Structures are given as structure tokens and as C-alpha cells.
Amino acid sequence: MDWFTAGDYEIARQVLQRGVAACYLIGFISAVNQFPALLGEHGLLPVPGFVSRITFRQSPSLFHWRYSDRMLRVLAWSGAALSALLVAGLPQLGPPWLPLVAFLLLWAGYLSIVNVGQTFYSFGWESLLLEAGFVMAFLGSNEVAPPITVIIFCRWLLFRLEFGAGMIKIRGGREWRDLTALFYHHETQPMPNPVSWFVHNLPKWFHRGEVIGNHFAQLVVPFLLFAPQPVASVAAVVIVLTQLWLVFTGNFAWLNWVTIVLAFSAIDDNAFRAVLPGIPAPAESPAAPIWFVAVVLAATLFLLVLSYRPFRNLFARRQLMNASFNRYHLVNAYGAFGTVTRERFEVVVEGSDAADPGDETGWLAYEFRGKPGAPGRMPRQFAPYHLRLDWLMWFLALGARDTRWFETFLVRLLEGDRPTLRMLRVNPFPDAPPRQIRARVYLYRFSTPAERRASHDWWIRSEVGLLVAPVSLAGRARA
């Protein structure tokens, strides 16, 4: 069975399984904290209404059987507990079927959440986490050597992730081809972090260099993942470094962290020992049982068959971005930021308790946890945690067509709904809900260093217009 094993990737397996499990842990905790308010029985887009319109075959989920917020919390906390066990490496100490079952349970549980999550779970990293979790199931336990077919498939997943993103950019906005995309991206990305302001204000030659480095990392380096060692390890290190730069300069949930973890599939134990000579060599693993070999080969064949459409998509003239070709989110198409917006618009939601709606002094702004609001507040770091409401507010400002959730959100604010208010950083009406709500659109830009020294503001904003005129629970629009 020497052809089946990749014994010099034992350290890689530990990083892969524990790293992906850590991202599942964050995903399940995010569901505990946010899902009921966003999608629960009284959420902005309630799951019961969704499953009444969509069949199990269209969107497989345990919640087609029954949904309740309590059931959601039980599932999410169970997933979090199982994820924590995998991070600690406990199931990996047992027979190879134990981590296999554990990861498949994580995948099935999170699939049940994603498939009823509607627009709040429509991000590419949800499919990435599901695919990665499914693949990790077949890496086995410490009792057997890592299967080479699964290690190679991890690289194929990383290749699609990186090369797909690179091709989307080259085929997308002109700003990626004329090297100006990062003149704007750090300012207009969905959720800047504390470093974004500083990087945005660096010289333009630096931003051109960022784009060139991005193109090299996403269009050239992925092919080297399949080269002999040590070239594959060097390629993986390049990807890790570029992803760490994205972590350093923005908030993209666990997208960058899953990518970093997957890159370890191309780093062999010799590369680790070259950096850390004290790492002991693992004991030789016994031969894998026949049943495990058969299961892994069947799973590999299954995943290869599903790879046909994503492979074609990479080279298609109309390349799909962040697309799933099956309802189980296995072997997907990835990519992000095919175009970069040059201006940043933000929706500011305000309430008023004044009897006279024309009294501007009575309007107070709700503050979100992550998205820009008050000009003087420094952007915060939240990734790998995902603030779903804040991200949807970014799409809303870009002109997203589906605004049902936002309309319900405004109603919840007028009702003083506690689960909804807990998702915000500042509720300006802690004692009782306001009489009316409105939403204004502002144009935001980062302040220059000179403006920041003068005003201490991170953002400069100017009003663009009214998105939602003042409205009360009675439904009467006010001028």
C-alpha cells in the first residue's frame, strides 16, 4: 500500500484537520449568536417561511423536518463541541473511522444551516468550509498514514480557490489589468480593519506592487503546488504569506484562514524540519485497513467526477464566481472581487422620538459593530468571526435588489426587538423604541493623514440622499 500513503505529510494532516475544525468552531458559534435574530422563528428572513417554499431536494437541511430556535442552538452547540474535540485532536487518536464520522457530522450539520441561511449565508466561504470539511473526513486518524489522494485533492481545492480568484480578476474590472485596483480596495472593501486606513494612505507605487504580487500568487504560484518538493512547499509558503497580508489588512471571515490551512497540504515534513529541526520524526504508521482504502478511493473518485464542471468553469469565457454546482456544496467554483468599487457608500439608520419629524436634532444613529458609522471610530478587527448583518449592509449600499430583510430590520427597530438590537453596537434608544426610523446614504472616504491630524476622524463623509423616508409602525411615511 505504499502508493496509497503520504507518510511525509503527517504534520500537514494535523494542521489541515485541526485548522479546518477551528474554522467550523467559529462558524457554529457565529450561528448560535446570530442565526436566531437573522433567520429564526421571528428573524428577518424566517426559516419556517423559507422551507415552506423550498423542498428538501432543492436545499437539503435537517430543518425541513422541523425548525425551532432551540433546535438550531442544539445543532450549533453540538457542532461547536465536536469541532473543539477535533481541534484538540482527540478523535484523531482513535481508529480512522472516528475522525471520518466526526467531520461528516460537521459537514452535514453546517450544510443544514447554510442551506436555509438564504442571503445571510450566500458567501463563498460557506461553500469553501463545507467542501474542506468533507475532504478532511478522508485524511484518516493517527493510526494510518495520510492518503496521498486526499492530500492531492486538498491542493486541487486550493488551486481552484486561488487560480479561480486570479482569473476572475483578470477577466473582471480594468483596474486589475492597469494595476490600480488597490488604489481603492482598502477603502471600499466590505469591512476595513484597523490597518486598512494606514495601508490605503501608502504611495500608489506600493499599491501597484500589491496588485502585481496578487497576480503572481494567484495566476502562477497555484501551478507550482503540484511540482516536486521543495518547489511545492515554497509555493505554499508564498500563498500563506499573501493570505496573511489579507488577514492583516481586512475582515474576510474565515476565507483567508481556510486558504492558509489548505496551503499546508503542499508542505511536507522535511520542510517543517528544515525550519524547526527539533520536530521528531513520526513513528511509521501501520498499513491502512482495506475498508479505509476502499472508502478513500471511492470518495476521491466521487470528488473527481464532481470536479468536471468547476474545471471547465476556470477556463470558461463567462466564469462563475463562488458558485456551487450541487446542493451539497462539494467541489465548488471560487473567486472574489472581480471588480473593485471606487467609491464607498454607507447606509446610516437613524431613529427619532421627536413629535415633529422635521426636527433634525431628534435623529440619532444606530451604530453597527463592524461597518463604518461614526467618522471618528477606528475600524475594528472581527475576522475570522463573520458579522453577517454588517456585510449585508455593505451590499445594501451597493444597490442590492433583495431588501426584504432590511425592511423587516427597520420594523424590528421600531418594535425594540431585543435579539435584533443585540446585534448592534449602539442602540440610541435603550429605554423605549423610537417613534420613527429613516435611512440615509452617505459617501465615505478615508481621511488623509493631514485631515486625520486636524479632526482625529478616520472617515470623511458627505450625505448623498435618503434611502428610506421617515416611517413609523403605523406605516405612515413622513416628509
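## L93 and P95, in a loop

L93 counts as exposed, because its relative accessibility is 58% (exposed means over 50% relative accessible area, buried under 20%, and partly exposed in between, with a 1.4 Å probe and protein chains only). This leucine sits in the loop between α3 and α4. Helices here are DSSP runs of H or I with at least four residues, strands are E runs of at least two, and both are numbered from the N terminus. Leave aside the neighbours within four places in sequence, and L93 is in contact with N142 and E143 (contact means heavy atoms within 4.5 Å). A474 is 381 residues away from L93 along the chain, and 61 Å separate their C-alpha atoms.

P95 is found in the loop between α3 and α4 as well. With a relative accessible area of 27%, P95 is partly exposed. Not counting residues up to four places away in sequence, P95 touches S141 and E143. The C-alpha atoms of P95 and S141 are separated by 6.1 Å, with their positions 46 residues apart along the chain.

## A word on the model

This is a predicted model, where local features need pLDDT of at least 70 and side-chain atom pairs count only at pLDDT 80 or more, while totals for chains, interfaces and linings use all residues. Residues are numbered from 1 along each chain as its sequence is written, and side-chain values use heavy atoms, with hydrogens and water left out.

## Two helix pairs

Now look at the helices on either side of that loop. Helix α3 (residues 69-88) and helix α4 (residues 97-114) have axes that come within 10 Å and cross at roughly 145°. Axes are lines fitted to C-alpha atoms, for helices over the stretch in contact, and angles run from 0 to 180 degrees between N-to-C directions. This crossing is left-handed, a label used if the near helix is turned anticlockwise from the far one by less than a right angle (clockwise would be right-handed). On the α3 side, the contact is made by L72, L75, G79, L82, S83 and L86, and on the α4 side by A102, F103, L105, L106, G109, S112 and I113. Sort these residues by type and you get nine nonpolar, four polar and no charged. In this sorting, Ala, Val, Leu, Ile, Met, Phe, Trp, Tyr, Cys and Pro count as nonpolar, Asp, Glu, Lys and Arg as charged, and the others, Gly among them, as polar.

The other pair is α17 and helix α18 (residues 404-415), which pack at an angle of about 120° with their axes 11 Å apart. The crossing of α17 and α18 is left-handed too. Here α17 brings L389, L392, M393 and L396, and α18 brings W405, F406 and F409. That contact divides into seven nonpolar residues, no polar and no charged.

## Two domains and a core

The domain assignment gives domain 1 (10-333) and domain 2 (344-475); such bounds come from an automatic or database assignment. The C-alpha centres of the two domains lie 32 Å apart, and their contact takes 41 residues from domain 1 and 38 residues from domain 2.

What lies between them? The largest nonpolar core does, because both domains give residues to it. A nonpolar core is a set of buried Ala, Val, Leu, Ile, Met, Phe, Trp, Tyr and Cys residues joined through side-chain atoms within 4.5 Å. This one has 124 residues, and F35, Y110, I113, V349, W405, F406 and F409 touch the most other members. Helix α1 (residues 10-39) gives the largest share, 14 residues. Beyond its neighbours within four places in sequence, F35 is in contact with S30, G40, V47, Y67, L72, I113, V116, G117 and Y121.

## Backbone oddities

Most residues other than glycine have a negative phi, and most peptide bonds are trans. Which bonds here are cis? One joins Q229 and P230, with omega about 10°, and P230 lies in the loop between α11 (221-224) and α12 (231-249). Another cis bond joins A383 and P384, again with omega about 10°; P384 is in the loop between β3 (367-368) and α17 (388-397).

L179 has a positive phi of about 70° although it is not a glycine, and its place is in the loop between α7 (174-177) and α8 (185-188). A253 also has a positive phi, near 50°. A253 lies in the loop between α12 and α13 and counts as buried, at 3% relative accessibility.
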